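Student: I would like to go through this model and ask, for several of the labels attached to it, what justifies them.

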Amino acid sequence: MEKKQLFAQSLIQKIEAKEINSVGELNKAKIRLAGKIGLNQLPPNPTILSFAKNPSLRTKQLLGIKPVRTISGVAPLAIMAKPIDCAHGTCIFCPGGEKSFFGSIPKSYTGHEPASMRAQSNQFDPYLQSFNRLYQFAATNHNLQKIELIVMGGTFPSFPKTYRHSFVAGAFKALNDFSDLFFAPSGFDFKKFNAFFDPKKFEYKKQPISFQKKLLHQKGKPVLKKEQKKNETGSVRMVTFCVETKPDYCKQKHINDLLDLGVTRVELGVQALDDNLLSFSNRGHSVQDSVMATQHLKDSALKVTYHMMPGLPHSTSEKDIGMFRELFENSDFCPDALKIYPCMVLPGTPLYKQYQKGLFSPLTTKQAARIIAKAKRFFPPWVRIQRIMRDIPTQFAIKGVQHNNLRQFVKQKALELGIECQCIRCREAGHLQQKKSFQLKPNNATIQTIKYEASKGMEIFISAEDLKENALFGFCRLRIPFKPFRKEITSSSALVRELHVFGEPLLLGQKKKDSIQHKGLGKQLLQKAEEIAKNEFSKRKIVVIAGIGAREYYRKQDYILKGPFMEKTL
Ligand SMILES: [Zn+2]
């Protein structure tokens, strides 16, 4: 009997015998079975189902359910640096820090968020956090070959350089070791994976931390440049890399260091566009700091996500709505993506004292939903609203937005007001596909361009869209820089800050056949960017920011590595 058939039939037998009762159990059983039989690729559910002679309803339902996937194509791996206090003091709304109310927790977190719980149980070690997260991805059958690395927990550039570099090196090393240990040329090796993590015989179960530390030690101390180089061709690649910082820790020297680390996207805690509001909140930076940081980041080809905080002390709903309008009407701002976190009152913060004295009352869920719904009117088609609401569990907020499903409230309010959001997230094909009864086809896409001035340069947003369905398959951010300070970027350079093709990522070991990600759309978008740069702006060079693990992709398009960038002469 063919291995695949054996696999499918054993699995179906287990479902029919009620040994498998949930998608979670199904995924675990698949991995166990693949290891036992020696399969290197998991057949997709429809294939498995095709081997069933007379499938019962429960078999059909279980194999029909799509496992949870990371819709935008890349698995997010969030790790946290150790807790340190901020040099400027404490923002009035900020929980966390050393010896905080919640214990020693990274700044701006409570220790109860999923990522910060993982960080604590791994003693804030980057290697252990990353390695264990990859284990979780594999054990739940997520594809983990494309990783977005996210460093959270306060102001990373404010750490000493040696800490920053060894922290990032540790994360890269975890990706590389995982790749060495469990990937064969033919695909993921479920057998090795199961043997390594076998709870029965394995010291890992008893003392996972000390065991993994030993593993780390055996394989030598992580060296940043070496691990980066190795990751370029590994099986678990870091394709995007994001770091959180404040606008006052995002000057040229900080940006140079972020580029050395391999960062491709920066999340800036801008919070407000009014110096009074910032100083009431003791933010330790000005609006001008945000303007300059944004320009320097974009002129270095980096992507910029803003964190904005409606409901700060001394703000009003009208002011907050006006702030979102200004974000996109004033070309000094125009971030590529947005995270909106309404101000909450958390115990142990200075704001909590003001609240107790009756000097401050936070937004309610309804008020926050109304502000954000109205703000949607101003969101252009080139911005991505990444997240509404912190992942701070709301039971820890004394007062303020009490619902973790704020996004639902916002949706409802926007519907009432007749506002349709045009942002990237609302239009991306992966998300839309879940609502459609027919297949959205990238072949129907037309290439569109939008030009807008931003941070004194010119942005050209090139997208592949199904205009009839208002569906976005991918996009490219081309920039004509204003005042670049990197030597790699000259007056004849145009920048590609982002190239993104959406689609459902593949399951671990699944063949790349039907996914939107592999139809050559990326190539088309990149060629269009090259054409525009050359023909409309007379540029002679394209400089791309690419995640370390995406460098090979650009090499195939005739780009070469120059400093932290990939470049091509036109
Ligand atoms: Zn939207």
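Tutor: The model is predicted, and the questions below take up a metal site, some cysteines and a sheet.

Student: What makes C421, C423 and C426 donors of the zinc ion?

Tutor: The SG atoms of C421, C423 and C426 lie at 2.2 to 2.3 Å from the zinc ion, and a sulfur atom counts as a donor within 2.8 Å of the metal. Along the chain these donors follow the spacing C-x1-C-x2-C.

Student: Why is C421 called buried, and why is C426 called partly exposed?

Tutor: C421 has a relative accessible area of 10% and is therefore buried, since the limit for that word is under 20%. C426, at 31% relative accessibility, counts as partly exposed, because that class covers values between the buried limit and the exposed one, which is over 50%.

Student: How do you know that C250 and C476 belong to the buried class?

Tutor: The relative accessible area of C250 is 1% and that of C476 is 0%, so both meet the criterion of under 20%.

Student: How many disulfides are counted in the model?

Tutor: The count comes to 0 disulfides, where a pair of cysteine sulfur atoms would have to lie within 2.5 Å.

Student: What makes strand 12 and strand 17 edge strands?

Tutor: The 7 strands of the open, mixed sheet are ordered 12-13-14-15-16-18-17, and strand 12 (446-454) and strand 17 (560-562) each pair on one side only.

Student: How do you know that strand 16 and strand 18 pair?

Tutor: Strand 16 (residues 541-544) and strand 18 (residues 565-569), which run antiparallel, are joined by 4 bridges, and pairing requires at least two; V543 stands opposite E567 in strand 18.

Notes: Residues numbered from 1 in each chain as written. Predicted model: local features only at pLDDT ≥ 70, side-chain atom pairs only at ≥ 80, totals over all residues. Heavy atoms only, no water. Donors = N, O, S within 2.8 Å, 3.2 Å for Na, K, Ca; no water. Buried < 20%, exposed > 50% of the residue type's maximum accessible area, 1.4 Å probe, protein only. Helix = DSSP H or I, 4+ residues; strand = E, 2+ residues; numbered from the N terminus.
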